[in-house]
Amino acid sequence: MKASEQYIFGLVVAVMLAGFVVMGMGYLPQARLAPLSIGLPTLGLMLILLQRMKSQGRARALKDGPSGEAGGQGSHTEASGEDASGERVGGGARVTLATEVSIIGWIVGFTALIWLVGFTVAIPVFLFLMARGKFREGFAVSLGLALTVGAGLYIAFDVLLKVPMNCGIWP
């Protein structure tokens, strides 16, 4: 994806997040806590990312000069199996498709897990499986991450907010 396409996508996400925050303001005080505690920091981070993308684009344009290539030399990406836009040439399309299918599989699996056992159990289980399987973390790190996040979610929602997150079809 080109830098301009990434920036436009980021703008669309920022607008959606702003809508998410505005909608959250219309909820009852206890119900608005979750959308605002997620939406406001995420919107802030997205705006910071957009600002960085914009400033990097300006810096790159100044460095590259009018010819569009740094120092008038050929692009290094063409020799490394990529075209000028950064997309893989040749067999790289299979890698991209496999990655996309993997991501879709993780999302579908996480959704099914939430449906079956509810958020309280699904989130720690998903984090453990993702850390172990996808990111190849050690057992202790994966378990520590899952238990820490699970405990934090339980304390935040079940204990403090009294919002039960166990709503799966299995009791």
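Q: Is Lys162 buried or exposed?
A: In this predicted model, Lys162 has a relative accessibility of 63%. The cut-off for the top class is over 50%, so Lys162 counts as exposed.

Q: Where does Lys162 sit, and what is its phi?
A: Start with the place: Lys162 is in the segment after α6. It isn't a glycine, yet its phi is positive, at about 55°.

Q: Which residue follows α5 with a positive phi?
A: Look at the loop between α5 and α6. A residue there, not a glycine, has a positive phi near 55°. The one that comes after α5 with that phi is Arg136.

Q: Is Arg136 buried or exposed?
A: Arg136 belongs to the loop between α5 and α6. Its relative accessibility is 68%, and the limit to pass is 50%, so Arg136 is exposed.

Q: How many helices does the protein chain have, and how many strands?
A: Reading along the sequence gives the pattern α-α-α-α-α-α. Counted up, that makes six helices, and the strand count is zero.

Q: What share of the residues in the protein chain is buried?
A: The protein chain has 171 residues. To count as buried, a residue has to be under 20% relative accessible area. The share of residues that are buried is 16%.

Q: What part of the accessible surface belongs to carbon and sulfur atoms?
A: The accessible surface of the protein chain adds up to about 12,300 Å². Of that, carbon and sulfur atoms hold 71%.

Q: Among contacts between residues at least 6 apart in sequence, what percentage join residues at least 24 apart?
A: Take the protein chain and keep contacts whose partners are at least 6 places apart in sequence. Of these, the part that joins residues at least 24 apart is 51%.

Q: Which residues of helix α5 are buried?
A: Helix α5 covers residues 119-134. One of its buried residues is Ala131, with a relative accessible area of 5%. The full list is Ala122, Ile123, Pro124, Phe126, Met130 and Ala131.

Q: Leaving aside neighbours within four places in sequence, which residues is Ala131 in contact with?
A: Ala131 is part of helix α5, and it is buried because its relative accessible area is 5%. Among its partners is Arg136, which lies in the loop between α5 and α6. The full set of contacts is Arg136, Glu137, Ser142 and Leu145.

Q: How far apart are the C-alpha atoms of Ala131 and Leu143?
A: Along the chain, Ala131 and Leu143 are 12 residues apart. Ala131 sits in α5. In space, the C-alpha atoms of the pair are separated by 8.8 Å.

Q: Which residues make the nonpolar surface patch of about 390 Å²?
A: One member is Leu160, whose place is in helix α6, residues 139-160. Leu160 is exposed because its relative accessibility is 63%. The whole patch is Tyr154, Ile155, Val159 and Leu160.

Q: Which element gives the largest share of the lining of the second largest pocket?
A: This pocket holds about 170 Å³ of space. Its lining is Ala3, Ser4, Gln6, Tyr7, Met53, Lys54, Gln56, Gly57, Arg58 and Arg60. The elements giving two or more residues are α1 (3-25) and α2 (29-64). With six residues, the largest share comes from α2.

Q: What distance separates the C-alpha atoms of Val15 and Leu43?
A: Val15 is found in helix α1, and a relative accessible area of 59% makes it exposed. Val15 and Leu43 are 28 residues apart along the chain. The separation of their C-alpha atoms is 8.8 Å.

Q: How far from Ala14 is Leu45 in space, C-alpha to C-alpha?
A: Leu45 has its place in helix α2, and at a relative accessible area of 58% it is exposed. In sequence, Leu45 and Ala14 are 31 residues apart. In space, C-alpha to C-alpha, they are apart by 9.4 Å.

Q: What is the C-alpha separation of Ala112 and Gly168?
A: Ala112 is found in helix α4, residues 92-117. Its relative accessibility is 34%, so Ala112 counts as partly exposed. Gly168 is 56 residues from Ala112 along the chain, and their C-alpha atoms are separated by 9.6 Å.

Technical notes:
Residues are numbered from 1 along each chain as its sequence is written. This is a predicted model: local features need pLDDT of at least 70, side-chain atom pairs count only at pLDDT 80 or more; totals for chains, interfaces and linings use all residues. Side-chain values use heavy atoms; hydrogens and water are left out. Patches are made of residues with over 30% relative accessible area and no salt bridge: like charges are joined within 9 Å, nonpolar side chains (Val, Leu, Ile, Met, Phe, Trp, Tyr) within 5 Å. Accessible areas come from the Shrake-Rupley method with a 1.4 Å probe; for residues, only the protein chains shown count as cover. A salt bridge is a side-chain nitrogen of Lys or Arg within 4 Å of a carboxyl oxygen of Asp or Glu. Helices (H or I, at least four residues) and strands (E, at least two) are DSSP runs, numbered from the N terminus. Buried means under 20% relative accessible area, exposed over 50%, partly exposed in between (1.4 Å probe, protein chains only). Contact means heavy atoms within 4.5 Å. On a 1 Å grid over the protein atoms alone, a cavity is a set of points where a 1.4 Å probe fits but cannot get out, and a pocket is an open set with protein on both sides within 12 Å along at least five of seven lines; lining residues have an atom within 4 Å of a point. Grid points are joined across faces, edges and corners, and a volume is the space filled by probe spheres set on the points.
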